[in-house]
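The following report looks at charged side-chain pairs, the surroundings of a ligand and the cysteines of one protein model. Please view the sequence and the structure together before reading on.

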Amino acid sequence: MSIYTGPVFEMARAQFGIIADHLDIPDDERDRLLYPKRAIAVSVPIHMDDGRTEVFQGYRVQHHLTLGPTKGGTRFARHLDVGEVAALAIWMSWKCALTGLPYGGAKGGVACDPSRLSIRELEAVSRRYMQEMIPFVSPQTDIMAPDMGTNEQVMAWFMDTYSVHQGHSVNEIVTGKPVSLGGTEGRREATGQGVAYLVSRACDTVGLKSQDCTAVVQGFGNVGSVTAYALARRHGVRITGISDHTVALFDPAGLPLDAIEAHVRGSGVLAGFSNQMKIDPGELLTQQCDILAPCAVERVITADNAGKLKCRILAEGANGPTTPDADLVLAQRQGEVFVLPDILCNSGGVIVSYFEWVQDLQRLFWTENEVNDRLERLLESAFGQVTRRAQRERVPMRTAAMAIGVEKVRAGKQLRGLFP
Ligand code: NAD
């Protein structure tokens with residue numbers, strides 16, 4: 001069990017311990033529920049543009065196969081390790097079970113900095129990684145998707161590499177592909193649209209009108225940017241703060257999102273947009289706002305800043321942004337800060353990935369309206385289940401959400417039994 005180490009894995013383990021206690025799960029069932037079915041580690045050697053050969057480490061963790069194939073994103077990030085990947089796979093399991101998808105969780109990735117790779121090098125890393133994973137994935141065992149540092153183009157290279165090996169096109173091996181290759185309408189925006197939808201439901205619950213709200217969004221990649229645009233353009237929210245890994249911007253009067261969108265389209269990052277609006281990235285999170293949406297990396301809401309948050313709704317677009325120590329602080333502030341926990345808040349991404357897989361298997365494609373209608377129905381159902389359970393059992397929203405997910409996986413394991 002010792003290969004799973006590091007602070008992110010410890011977080012997933014601590015959270016599971018709280019849920020296992022809450023559900024009274026006997027000790028001898030806990031390891032079977034928590035520890036991954038499989039972890040695969042591979043070397044990814046590629047020719048660099050300067051003629052050197054460089055070897056990157058790649059991973060894939062498949063958490064459980066109890067309810068169907070595993071499903072999860074692929075992260076390209078400099079300091080990726082197997083403990084972080086395992087934690088993300090475990091969270092995916094609870095998320096899929098909570099939203100009723102017939103999947104276990106998985107996650108994978110390569111320890112590399114994609115911003116320092118040329119397009120040719122990025123393609124080589126992507127193809128070689130998928131090549132190394134071919135014995136361990138298939139549309140019936142494990143389906144990949146994008147996560148931090150990967151995108152539709154990387155998914156297209158994954159699909160092509162797998163398909164060349166099989167001798168025919170296997171569109172359903174990955175989700176988050178370009179629509180022209182069997183991707184679905186609405187997938188690129190799904191996670192952020194889902195975050196914005198759930199924020200509007202949280203506003204209803206706590207008695208806020210979204211048109212009167214302000215929001216701070218950390219991270220301006222796929223999830224953060226779409227969350228900010230959807231909150232502003234669909235729900236009338238004033239976006240007062242945003243950040244990425246280069247800079248944080250804040251203006252209580254509201255940020256000019258159209259101009260920022262044009263700037264990022266050109267340069268890829270927020271840096272260089274404005275000097276007047278710059279703010280310390282750590283301070284951004286504790287600015288006065290109605291909605292705070294961390295949509296970047298793990299462990300940014302800690303015991304140090306949880307007591308200083310001035311938001312009414314904490315919408316976790318990222319996976320694992322809040323540490324268990326911070327949760328203890330937030331549990332004392334339940335009437336002040338309404339938490340949309342990650343496995344609920346960002347579940348729009350895997351829900352629409354599931355729709356993409358279903359459409360690929362059936363070779364029958366839906367309109368964007370059909371995708372979004374079905375997405376909202378599943379989000380609404382999950383939101384209702386979590387809020388009702390949190391009220392009924394007087395527990396934080398994260399405990400309620402995870403309890404529903406863990407219970408479903410546990411029930412599946414009990415029904416299937418333990419072989420031999
Ligand atoms: P991305 O690579 O598209 O964007 C990441 C963004 O975070 C970038 O803007 C980057 O500059 C910024 N960032 C990185 N470090 C930062 C820091 N320290 N402070 C502020 N900003 C920082 O990734 P993404 O797909 O948007 O994923 C973001 C988060 O959402 C991750 O936790 C991911 O696991 C989670 N998530 C993604 C999806 C999806 O569909 N892409 C679905 C569910 C959850």
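R389 and E393 both lie in helix α13 (residues 368-393), where a spacing of 4 residues separates them by about one helical turn; helices here are DSSP runs of H or I with at least four residues, numbered from the N terminus. The two side chains form a salt bridge whose closest N and O atoms are 3.1 Å apart, a salt bridge being a side-chain nitrogen of Lys or Arg within 4 Å of a carboxyl oxygen of Asp or Glu. R389 is buried at 8% relative accessibility, whereas E393 is partly exposed at 28%; buried means under 20% relative accessible area, exposed over 50%, and partly exposed in between, with a 1.4 Å probe and protein chains only.

The model is predicted, and local features need pLDDT of at least 70, side-chain atom pairs count only at pLDDT 80 or more, and totals for chains, interfaces and linings use all residues. Residues are numbered from 1 along each chain as its sequence is written, and side-chain values use heavy atoms, with hydrogens and water left out.

**Salt bridges**

By the rule given above, the count comes to 32 salt bridges. Among them is the pair D258 and R233, with the closest N and O atoms 2.9 Å apart. This pair links distant parts of the chain, since D258 belongs to helix α8 (residues 257-267) and R233 to helix α7, 25 residues apart. D258 is exposed, with a relative accessible area of 56%, while R233 is partly exposed at 47%. E84 and R75 also meet through their side chains in a salt bridge, at 2.8 Å from N to O. Here E84 is buried at 12% relative accessible area, and R75 is likewise buried, at 4% relative accessibility. A network of salt bridges links R75 and E84 with K107, D147 and E298.

**Ligand surroundings**

Which residues of the shell are closest to the ligand? They are D147, T191, V223, H245 and N319, within a shell of 22 residues, where a residue is near a molecule if one of its heavy atoms lies within 4 Å of it. The shell divides into 7 nonpolar, 11 polar and 4 charged residues. Three contacts made by oxygen atoms of the ligand are set out below.

| Protein partner | Atom on the protein side | Distance to a ligand oxygen |
|---|---|---|
| R75 | N or O atom in the side chain | 2.9 Å |
| T191 | N or O atom in the side chain | 2.8 Å |
| G221 | polar backbone atom | 3.0 Å |

Taken alone, the ligand exposes 840 Å², and the protein buries 83% of that, the areas coming from the Shrake-Rupley method with a 1.4 Å probe. The elements that give two or more residues to the shell are α6 (187-206) and α7 (222-235). R75 thus appears both in a contact with the ligand and in the salt bridge with E84.

**Cysteines**

How many disulfides does the model contain? The count comes to 0, with a disulfide taken as a pair of cysteine sulfur atoms within 2.5 Å. For C289, which is in no disulfide, the nearest cysteine sulfur is that of C311, 5.3 Å away. The sulfur of C295 is 7.2 Å from the closest cysteine sulfur, in C345, and this is too far for a bond. Both cysteines are buried, C289 with a relative accessible area of 3% and C295 with one of 8%.

Note on methods:
A polar contact is a pair of N or O atoms within 3.5 Å; within protein, one must be able to donate a hydrogen and the other to accept it, and residues adjacent in sequence count only if both atoms are side-chain atoms. Ala, Val, Leu, Ile, Met, Phe, Trp, Tyr, Cys and Pro count as nonpolar, Asp, Glu, Lys and Arg as charged, and the others, Gly among them, as polar.
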